[in-house]
Structure formats: C-alpha cells, structure tokens
Amino acid sequence: MPAIRPLHLAAEIGGPPRYDPGHYTALARLAERGALDFVTLGDSFARPGPDALAVLSRVAPATRRIGLVPTVTTTHTEPFHVSSAVATLDWVSRGRAGWQVDVSTTGAEARLFGRRPAAPAAELWREAGEVADAGARLWDSWEDDAEIRDTASGRFIDRDKLHHVDFEGATFSVRGPAIVPRPPQGRPVTVVDGTADPARETAARHADIVLVRATTPERTAGIRADVRRRAAAHGRDPGTLRVLAALTVDLGDAESAPEPGLESGPPLAAHGTYYRGGPVDLADLITQWHRAGAVDGFHLTPITPERDLERIVNGTVALLQHRSLFRTFHPGGTLREHLGLARPASRYAPGRVLQGERT
C-alpha cells in the first residue's frame, strides 16, 4: 500500500458581511489553535462587504502561524496592483499569504467599473491565468538579495538584481519590476477552484492548491488525476499540487449519518457539495476519503462560522489528531512550509532555469 500523504485542512471564515475586525481575528485564531493549514475569506464584486485582502492584512499581526488566503478577483482589476497587494500580505504575515483566484462574469459587476462589458467564462479564466503568470514574474523581479541597505554608500537596492518582466497578455501588459520586494515565501501560495473547465486548466498551469467539488471520493479522485495530468503536460511536477476537497458543512444537527454520497443535500455552495451531520461523522468522512487517496485534504466552509468552526476545531480536528491522522502543531512558520512546498527561486536569478515556465 502506498504511503498516505499528510492530511491538509483549511476553513472559510466568511459569511454575512461583518465590519468588526475582531470577528475575523477570533475565527482565524480558532483555526490556528486547531493547527489548520490556512483560512480563506471569500470575496466578490457581486455582493457588499469589506475587501477580503484588506481584512486579512488586519488579521495577520494578530495571528502567528495560520495561513491567510483571501479571494482576489482578477477581472476588472490591475494585475500590477493585485501582485503588490498579495506580496504586501505576505510581508505583514511574515510568509503566510496566499490568494484564491476568481473571476467576475456578470454584467452588473462589469458596470461597477465601466471599463468593458462582461465576457465569457473561458475568456476570463484565460485572463486569470495570465494574471497569475504576471504576478509570479513580478514577485520574482527582485532577486532575493536585491536589497543591500548600504548606509555608507547610500545604496538601498542593487539595480542589477531588479528585472523588467515585460509581460504581454491578451488584455493587459506589465513592464515591471515590482515595487514591493520579493515576498518572504518567494511567491505566495496560489489557490484555484478547479472543479469546472476552464478554471481547471488555469489551476493545472498556475495553482499550488486546487479545490475540487465532487460528491464521492471516486469522482474527486478522477478530478484530482485530471488536474495532475494537465499539470504534467505543462511541464510541472504534479506531486507539487495539493488537491483539497471542498465541502460546505452544517454541524448544527445532532450526530447522525451523513447523507449518502453527499448528493441529497441542498446546493448551498456554488457548484458545491453539502455535508450535514456531526463532528464525528465528518471526521470519519475525512478519514475515509483521505485514506482512499482521493484527496490531499479538505477545505471546509462552515454554514454558520461562529458555531461550526468551533465544532470543526474542537470536535472533528481533535478526533483526527487523536487518531494520529492530523498534526497537533504547525510544522513551520510559512504557509508553504505547512503545505510541504519548497520556496521557489527567482526565475531571474543567474543560471536559474524553471521547469515548465516561460522565460
């Protein structure tokens, strides 16, 4: 039997819009106590609420280990600004940042900006992939030792170690270099929901973490295999992808058997699967799917964050830890270390050749 890979767990801390930073900080700290890899905070131009990236920048100094992954919409936004903001989150969190790539498909969202009409999803996800590519290049545009901070000579930067990225996409161009020094992780972690095409192709090319939504471990394993195959076709090592099953969870009921295959629950998450039951049943489901090799972990969206996240951490996670299936502490200080991912070298460093990436 092949060795079982480490189990990774993450949770969403969003819900109805809240404007009290203490609300999000408390949830992130709760997840941190459970040694979860990261928390996500959803965002969209289609609904009111605070900016997720700004909120998690506020949460960062109040936490120490938990990864912080806001949703960042690449449609109607400037790639250079997106790259700078995510790099800043990595700096203020000392290497715990990620970003979940998303697109805006509706005419109502397009009218908020007034720059261009809505476009088909396939076109928007191609653009999202180009934004992810440009962002990685901008993060690489400062070599790791570009800052010299030589007081005697008055030199802050070695300009020979700053690089123009000269990226040309279908809808934008970026010259660079970045205005933010290279992030602590080299590149913050990129997350994409790869359940459906064409988002799956973008995930295979650019994501570190791929979220998948399916109702059985067999279907999830099939999507996982497809993503890994596509990644390999792009010259990537598929072993560096972390594929997490995405579930919306309702732990408000008494302990009961989960719905067969999760298929009969109401579709409360976008394209999603719905789990209703108790913390013990959820731990059993996670155990079965992970041991079957279907996924590398789970991303859980509590239907009621204050109630359900507490039951996830103190119930489900505690049981998985008791069974020695999930760690009891964070293995490092950065999100990449939690995920077992290496820190990438800058593509512009002398003699550096990156597998599967354009130069």
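**Reasoning from cut-offs in a predicted model**

Trainee: Among contacts in the protein chain between residues at least 6 apart in sequence, what share joins residues at least 24 apart?

Mentor: The share is 74%. A pair counts as a contact when heavy atoms lie within 4.5 Å. Keep in mind that this is a predicted model.

Trainee: What makes the protein chain as compact as a globular protein of that length?

Mentor: Its radius of gyration is 20 Å, and the globule rule gives 21 Å for 359 residues; the two values are close, so the chain is as compact as a globular protein of that length. Along the principal axes, the C-alpha atoms fill a box of roughly 65 × 45 × 45 Å. The secondary structure comes to ten helices and 13 strands.

Trainee: How much of the protein chain is buried, and what does the exposed area consist of?

Mentor: Buried residues, meaning those under 20% relative accessible area, make up 53% of the 359 residues. The chain exposes about 15,700 Å², of which carbon and sulfur atoms supply 53%.

Trainee: How do you know which parts of the model to treat with reserve?

Mentor: By pLDDT, the predictor's confidence on a scale from 0 to 100. The chain has a mean of 90, and 91% of its residues reach 70 or more. Over residues 256–271, however, pLDDT is below 50, although the model gives this stretch 32 contacts beyond near neighbours in sequence. Residues 355–359 also stay under 50, with eleven contacts beyond four places in sequence. Where pLDDT is low, predicted coordinates should not be read in detail.

Trainee: Why is strand β13 called mostly covered?

Mentor: Five of the six residues in β13 (residues 297–302) are buried, and buried means under 20% relative accessible area. Hence the wording "mostly covered".

Trainee: How do you know that β13 pairs with β1 and with β11?

Mentor: Two strands pair if at least two bridges are found between them. Four bridges join β1 (residues 8–12) to β13, in parallel, with A11 matched to L300 of β13. Between β11 (residues 242–250) and β13 there are six bridges, also parallel, and L244 has G297 of β13 as its bridge partner. Four and six both satisfy the cut-off of two, so both pairings stand.

Trainee: What makes β2 a strand covered on both faces?

Mentor: In a regular strand the side chains alternate between the two faces of the sheet. In β2 (residues 38–41), F38 and T40 take one side and V39 and L41 the other, and all four are buried. Strand β2 also pairs with β1 in the parallel sense over three bridges; the partner of A10 is F38.

Trainee: Why is the contact between R116 and E127 called a salt bridge?

Mentor: The term requires a side-chain nitrogen of Lys or Arg within 4 Å of a carboxyl oxygen of Asp or Glu. R116 and E127 have an N to O distance of 2.8 Å, inside that limit, so the term applies. R116 lies in the loop between α4 (107–113) and α5 (121–140) and E127 in helix α5, so the pair ties together parts eleven residues apart in sequence.

Trainee: Are R116 and E127 buried, exposed or partly exposed, and how do you know?

Mentor: R116 has a relative accessible area of 25%, between the limits of 20% and 50%, so R116 is partly exposed. E127, at 7%, falls under 20% and therefore counts as buried.

Trainee: What makes R347 and D140 a link between distant parts of the chain?

Mentor: Their side chains meet in a salt bridge of 2.9 Å, N to O, and the two residues are 207 apart: R347 in the segment after α10 (335–339), D140 in helix α5. Both are buried. R347 and D140 also belong to a network of salt bridges that includes D144, R182, R187 and R343. The whole structure has 23 salt bridges.

Trainee: What separates D226 from R230 in helix α7?

Mentor: The two are four residues apart in α7 (residues 217–233), which means about one helical turn. Their closest N and O atoms are 3.0 Å apart, within 4 Å, so this is a salt bridge. D226 and R230 are both buried.

Trainee: Why is R311 called partly exposed?

Mentor: R311, in helix α9 (residues 305–322), has 30% relative accessibility, which lies between 20% and 50%, so the class is partly exposed. Beyond four places in sequence, R311 is in contact with L251, G252, P279 and T316. P279 is 32 residues away in sequence, with 6.3 Å between the C-alpha atoms.

Key. Residues numbered from 1 in each chain as written. Predicted model: local features only at pLDDT ≥ 70, side-chain atom pairs only at ≥ 80, totals over all residues. Heavy atoms only, no water. Buried < 20%, exposed > 50% of the residue type's maximum accessible area, 1.4 Å probe, protein only. Rg over C-alpha atoms; globule rule 2.2 N^0.38 Å. Areas by Shrake-Rupley, 256 points an atom, 1.4 Å probe, with all protein chains shown as cover.
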